[in-house]
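Work through the exercises below with the structure open. Try each task before reading its solution.

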Amino acid sequence: MTEIPTPPQFTHLCDRCGRPLDAREVRFVAKIQVFASPGPIVVDSGDLLRGHRDEIAALIRQCAQMTEEELMKDVFVEFKFDLCLRCQRDFIANPMPVVRGAA
Ligand SMILES: [Zn+2]
């Protein structure tokens, strides 16, 4: 009796190379979080004596013109990628490629 091969069932696409991923193969998930990491808050006597009312009002006006998504992008962004085995290996070998011309 001849076994009939089961057709592949694709459940995901590799987000890096675009190859369909068969449900039977290992899929890798890469999560990247990019968030603001403020340094220590430094307050001197000048800051304590200075009025901040106008500065705060200007910030509120600026924020009022932005969407919630625009405001969040400056604070926290998360990415999630599905990867095939080949792309997982390439990604972990070089997760942060050098950007030429920056700086
Ligand atoms: Zn891939």
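Helices and strands here are DSSP runs, with at least four residues for a helix and at least two for a strand, numbered from the N terminus. The model is predicted.

**Exercise 1. Count the helices and strands of the protein chain, then give their order.**

Solution. Start with the count: the protein chain has four helices and four strands. Next, read along the sequence: the pattern is β-β-β-α-α-α-β-α.

**Exercise 2. Decide how spread out the protein chain is.**

Solution. Take the radius of gyration, which is 24 Å. Compare it with the globule rule, which gives 13 Å for 103 residues. The value is well over the rule, so the chain is more spread out than a compact globule. Now add the box: the C-alpha atoms fill roughly 90 × 30 × 25 Å along the principal axes. Then check burial, where a residue needs 20 or more other C-beta atoms within 10 Å of its own. Of the 103 residues, 3% count as buried.

**Exercise 3. Find the partner of strand β3 and describe the pairing.**

Solution. Locate β3 at residues 28-35. Eight bridges join it to β4, residues 76-83, and the two strands run antiparallel. Pick one pair: Phe35 has Phe76 as its bridge partner in β4. Finally, test burial: zero of the eight residues of β3 are buried, so the strand lies largely in the open.

**Exercise 4. Check the span of helix α2.**

Solution. Helix α2 covers residues 53-64, 12 residues in total. At 1.5 Å a residue, the expected span is 16 Å. The end C-alpha atoms are 16 Å apart, which agrees. As for cover, α2 has hardly any: zero of its 12 residues are buried.

Terms used: Residues numbered from 1 in each chain as written. Predicted model: local features only at pLDDT ≥ 70, side-chain atom pairs only at ≥ 80, totals over all residues. Rg over C-alpha atoms; globule rule 2.2 N^0.38 Å. Pairing = 2+ DSSP bridges. Expected span 1.5 Å × (residues − 1).
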